[in-house]
Amino acid sequence: MKGAHDHPQHSKRSLKAEELANGYSDGLEPVVPLDLSRIDSFSDLLHAYARTSFGARQLGEAADVLLEMVQDPDCLVVGTFSGAMTVAKMGLVLCDMIDHGMLDAIVSTGALMCHGFVEAAGLEHFKWREGMDDTELYEKGYNRVYDTLEPELNLDKAEVIIAEVLKAIPPGTTTCSSDINRRLGEHLAAKFPGQRGILKSAFERGVPVYVPAFTDSELGLDVALHNRRLKLAGQPPLRYDPYEDLEAYTAKMKAAKRVGIFTIGGGVPRNWAQQVGPYLDLIDKRVGTGGGFLRFQYGVRICPEPAHWGGLSGCPYSEGVSWGKFAPREEGGRYAEVPSDATLVWPLLVKAVLERLAQAKK
């Protein structure tokens with residue numbers, strides 16, 4: 001029986017000093033001090049980041065994976081976006097990704113697309129000032145998103161535009177989020193030629209925009225208002241079928257040789273986009289025909305949510321391997337995860353990759 005002061009025996013290094021590992025002996029890569037005197041571009045900065053440590057290395061490695069993903073000619077890339085990124089004035093970063101061919105499909109929250117539509121229509125958001133009272137903001141017609149204000153008047157003006165688009169759809173037509181978003185993008189391209197916008201860029205590049213939780217947004221409410229007006233006029237309402245989106249997205253992904261995913265945040269957009277692999281598995285298993293085998297080969301994720309809360313937004317790609325959503329790293333999966341505020345690192349990442357893409361074309 002051990003005494004109160006007994007301690008377990010620890011092994012000691014038996015190698016002599018000259019025999020100890022030096023890093024190179026195990027094929028390890030050294031980290032390198034960040035030398036700003038050698039940095040002339042965002043691409044240089046993220047190359048250097050990849051050879052440092054902590055968050056900088058994560059972002060630097062994310063640039064490498066994103067570049068490989070978008071340069072793979074056989075890879076279809078889906079981007080998923082949640083959070084108030086358009087209110088935060090990050091919408092044009094997403095436009096840049098679309099305009100430069102970095103994304104082949106988009107899955108988003110309805111709110112993000114709605115606030116982006118406001119911006120694309122030439123309307124503005126405003127800075128919130130410390131000390132502003134939320135009750136007074138409501139009475140004046142301001143909606144607060146953390147430190148930024150969305151005037152209710154913006155949403156009223158957007159609804160007028162959206163109603164004009166919806167009126168062109170014959171009453172009783174079955175529609176879905178990607179169809180409505182394509183129509184909105186087409187309208188923006190025709191009526192707002194001097195403005196950039198996500199839906200406009202997506203329409204011009206032929207990139208479908210899916211909003212799985214469409215009714216959980218101002219866009220969804222605007223469609224509901226349109227249907228109420230149709231009913232009052234004695235006409236059949238538009239029929240909304242979210243499975244039109246699901247099947248169109250599944251067919252698009254199934255047809256690709258390889259698939260990759262770029263994610264800002266998490267939530268419904270991330271899960272909806274990632275479930276395509278399990279869905280195809282279940283079709284094979286429970287229906288017997290029409291399914292297939294699909295796993296994401298690439299992934300880049302920016303989200304500050306920690307994994308230990310147990311939510312999908314914070315879970316790492318390795319967890320998705322267990323669900324049959326991602327290829328394991330040992331089978332060629334290439335992933336990078338940056339646990340940070342997207343408004344800080346997303347623009348740096350995209351700018352660096354755009355510089356590398358431009359350099360590759362020279």
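**Figure 1. Contacts across the chain of the predicted model.** Of the contacts in the chain with a separation of 6 or more, 72% are between residues 24 or more positions apart. The secondary structure consists of 14 helices and 11 strands. The C-alpha trace spans about 90 × 60 × 60 Å along its principal axes. The chain has 362 residues, and buried residues make up 45% of them.

**Figure 2. Helix 2 and what covers its buried residues.** Helix 2 runs over residues 54–71 and has 18 residues; at 1.5 Å a residue it should span 26 Å. Its end C-alpha atoms are 26 Å apart, so the span agrees with the expected one. The buried residues of this helix are Leu59, Gly60, Ala62, Ala63, Val65, Leu66, Leu67, Met69 and Val70. Among the elements that cover them are helix 1 (42–49) and helix 14 (342–361). Strands also take part in the cover, including strand 1 (75–81), strand 9 (258–264), strand 10 (298–302) and strand 11 (334–338).

**Figure 3. The crossing of helix 10 and helix 12.** The axes of helix 10 (residues 242–254) and helix 12 (residues 276–287) come within 10 Å and cross at roughly 90 degrees. Helix 10 is therefore roughly perpendicular to helix 12. On the side of helix 10, the contact is made by Leu246, Glu247, Tyr249, Thr250, Met253 and Lys254. On the side of helix 12, Val276, Tyr279 and Leu280 make the contact. By type, the residues of this contact divide into six nonpolar, one polar and two charged.

**Figure 4. The surroundings of Gln274 in helix 11.** Gln274 lies in helix 11, which covers residues 267–274. Its relative accessibility is 2%, so Gln274 counts as buried. Leaving aside residues up to four places away in sequence, Gln274 touches Ile261, Phe296, Leu312, Tyr317, Lys325 and Phe326.

**Figure 5. Cys75 and Cys95, two cysteines in no disulfide.** A search of the whole structure finds zero disulfides. For Cys75, the nearest cysteine sulfur is that of Cys315, 19 Å away. A disulfide needs the two sulfur atoms within 2.5 Å. For Cys95, the nearest cysteine sulfur belongs to Cys114 and is 15 Å away. Are these two residues buried or exposed? Cys75 has a relative accessible area of 9%, so this residue is buried. Cys95 has a relative accessibility of 1% and therefore also counts as buried.

Conventions: Residues numbered from 1 in each chain as written. Predicted model: local features only at pLDDT ≥ 70, side-chain atom pairs only at ≥ 80, totals over all residues. Heavy atoms only, no water. Buried < 20%, exposed > 50% of the residue type's maximum accessible area, 1.4 Å probe, protein only. Axes fitted to C-alpha atoms, helices over the stretch in contact; angles between N-to-C directions. Helix = DSSP H or I, 4+ residues; strand = E, 2+ residues; numbered from the N terminus. Parallel < 35°, antiparallel > 145°, perpendicular 65-115°, else oblique. Contact = heavy atoms within 4.5 Å. Nonpolar A, V, L, I, M, F, W, Y, C, P; charged D, E, K, R; others polar. Expected span 1.5 Å × (residues − 1).
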